[in-house]
Amino acid sequence: MTHDPQNVTVLRGRVLTFLEQPQGHDDTASYRYIEDGAVVIGPDGKIIMIGEYKPEAAAHHKVIDHRPHLILPGLIDPHTHFPQMQVIASYAGNLLEWLNTYTFVEEQRFADAAHAERIAGLFLDELIRHGTTTAAAYCSVHPQSVDAFFGAALERNMLMIGGKVMMDRNAPASLCDTPQRGYDETKAGIAKWHGHGRGLYAITPRFAITSSPEQMEMAEALAREYPELHIQTHVDENLAEIEFARELFPNLPDYLGIYERYHLLGPKTLLGHCIHLTHRECEVLADTQSVAVWCPTSNLFIGSGLFDRDRLAGHGARIAVATDIGGGTSYSMLRTLDEGYKVLQLRGQRLDPLASFYMMTLGNARALGLDDRIGALAPRREADIVVLNSRATPQMALRMEAVDSLWNELFLLQTCGDDRAVVETYVMGRPMKTGLES
Ligand SMILES: [Zn+2]
């Protein structure tokens, strides 16, 4: 393919992209790092090539010089709730108290389309500010929230996964649909938004507690009709929640068994939390190749528990990592992995910075089944890119004076970095963050 050279953009900087899951801190074969690198982006917003920077590029193309910063694939957040922006930092003792006191109250406001539109736009701007270019988000029960979310994503040309939560019990009446309405509104949302721009619709039964057996059957019918769609829900987050779910479906072996019973498990299923799994649940998770989505800031904040990565990995389960806004406390994937590191420290497990940066990028792209489009800097990938500054704050700049390797630099970024470390966020080759701040 040839491109008009005037419309080709070259990002110059320290380019880092993963090729495989790192197997330890000295696994240099797992990534590609180019000290004076170039990411060449075509007018269609896709990457043409990456390689060493060549000075002659400046004669033909627009060059944006990001040295000495790191250029990485855009960060990916596979579990978040956009209607919970104003729930972050709500004081509660546990999950069910937090849901009933704050979240279910706040989500009722999304019946108002104007409110939903305002928050959806602010949500995506906040993701851009934090270097996140793709997320899998829960909307509220209202179709207007779905329209607001995908409409805002379309305006920004962002690859976003989302869906209306299906919920028909154990919540305020104004947040409940019915099995038929949940089905009809989901179907309408799929027709309107799936594949529109870069939007991908996800079938979203909120969790077993808020869906009756009849609604679970409707979710099953949708999953059968649309096997290409993601399914997102929650499982095994909190002990009281597990007990309640099991009381509601008494004849099934365990919590995950509920989703198994309605054929909702598989490689496109994203299961938030997965903290308190039985041995059988670990096996089902691995057998179905469903994805366990670890949400460390949320699990610590709500006090739900410590994710056992090594146990799940030992079973061969697929694992992703996410913010879970607004149970989570930061939009930043850097903050998220910092808290993840601490969770694993308490478990006696290690989280290497190479593994962290792999998870935020290619690992989460693979978990979403989107690694042919995003998560790596490579030819024909969509140019969703983040530029990170390891000297973003005075204390980081001082600490960097004593950093002597990329590995150490990544660990500093993960431990101390946040949105201040995000210099620029590109969506399909278009700079988005500086535009927000001007
Ligand atoms: Zn969640």
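**Figure 1. Histidine 142 sits in the loop between β6 (132–138) and α4 (143–156).** The model shown in this and the following views is predicted. Histidine 142 counts as buried, at 9% relative accessibility. Its side chain makes a polar contact with the side chain of serine 140, at 2.8 Å. Leaving out residues up to four places away in sequence, histidine 142 touches Glu107, Gln108, Phe110, Ala111, Ser174 and Leu175.

**Figure 2. Alanine 111 lies in the loop between α2 (95–106) and α3 (113–129).** With 40% relative accessibility, alanine 111 counts as partly exposed. Residues up to four places away in sequence aside, alanine 111 touches His142 and Gln144. The second of these partners, glutamine 144, is 33 residues from alanine 111 along the chain, and the two C-alpha atoms are separated by 6.7 Å. The contact with histidine 142 joins this view to the preceding one, where Ala111 appears among the residues that histidine 142 touches.

**Figure 3. Lysine 164 and glutamate 185 form a salt bridge through their side chains, with an N to O distance of 3.0 Å.** The pair connects distant parts of the chain, 21 residues apart: lysine 164 belongs to the loop between β7 (159–163) and β8 (165–166), and glutamate 185 to helix α5 (residues 179–193). Both partners are buried by relative accessibility, lysine 164 at 1% and glutamate 185 at 19%. The glutamate value falls under the 20% limit for a buried residue. In the model as a whole, the count of salt bridges is 27.

**Figure 4. Two salt bridges of helix α12 are shown, one between aspartate 338 and arginine 335 and one between lysine 342 and glutamate 339.** In the pair of aspartate 338 and arginine 335, the N to O distance is 2.4 Å. Aspartate 338 and arginine 335 are about one helical turn apart because three residues separate their positions in helix α12. Aspartate 338 and arginine 335 are both buried. In the pair of lysine 342 and glutamate 339, the N to O distance is 3.3 Å. Lysine 342 and glutamate 339 also stand three residues apart in helix α12, so about one helical turn lies between them. Lysine 342 is partly exposed, its relative accessible area being 38%. Elsewhere, salt bridges with shared partners join Lys164, Asp177, Arg181 and Glu185 into one network.

**Figure 5. Aspartate 352 is located in the loop between α12 (333–346) and α13 (353–367).** Aspartate 352 is buried but has no salt bridge. The nearest side chain of opposite charge is that of arginine 350, 6.9 Å away; a salt bridge would require a nitrogen within 4 Å of a carboxyl oxygen. A polar atom of the aspartate 352 side chain lies 3.4 Å from the backbone nitrogen of histidine 25. Not counting residues up to four places away in sequence, aspartate 352 touches Gly24, His25 and Trp407.

**Figure 6. Tryptophan 193 is placed in helix α5.** Tryptophan 193 is buried, and its relative accessible area is 8%. Apart from neighbours within four places in sequence, tryptophan 193 is in contact with Val146, Asp147, Phe150, Gly151, Leu154 and Gly199. Valine 387 is 194 residues from tryptophan 193 in sequence, and the C-alpha atoms of the two are 30 Å apart in space.

**Figure 7. The largest nonpolar core contains 108 residues, and Tyr259 and Leu312 have the most contacts inside it.** Tyrosine 259 touches Phe207, Ala208, Met216, Thr233, His234, Val235, Leu264, Leu265 and Leu271, with residues up to four places away in sequence left out. Another core, of 17 residues, lies apart from the largest one and includes Ala322, Ala365, Ala367 and Leu368.

**Figure 8. Cysteine 274 is shown in a model with a count of zero disulfides.** Cysteine 274 is in no disulfide, and the nearest cysteine sulfur, that of cysteine 282, is 8.6 Å away. A disulfide would need the two sulfur atoms within 2.5 Å. Cysteine 274 is buried, with 2% relative accessible area, whereas cysteine 416 counts as partly exposed at 22% relative accessibility.

Technical notes. Residues numbered from 1 in each chain as written. Predicted model: local features only at pLDDT ≥ 70, side-chain atom pairs only at ≥ 80, totals over all residues. Heavy atoms only, no water. Buried < 20%, exposed > 50% of the residue type's maximum accessible area, 1.4 Å probe, protein only. Helix = DSSP H or I, 4+ residues; strand = E, 2+ residues; numbered from the N terminus. Lys, Arg positive; Asp, Glu negative; His and termini not counted. Polar contact = N/O pair within 3.5 Å; in protein donor to acceptor, adjacent residues only side chain to side chain. Contact = heavy atoms within 4.5 Å. Core = buried A, V, L, I, M, F, W, Y, C linked by side-chain atoms within 4.5 Å.
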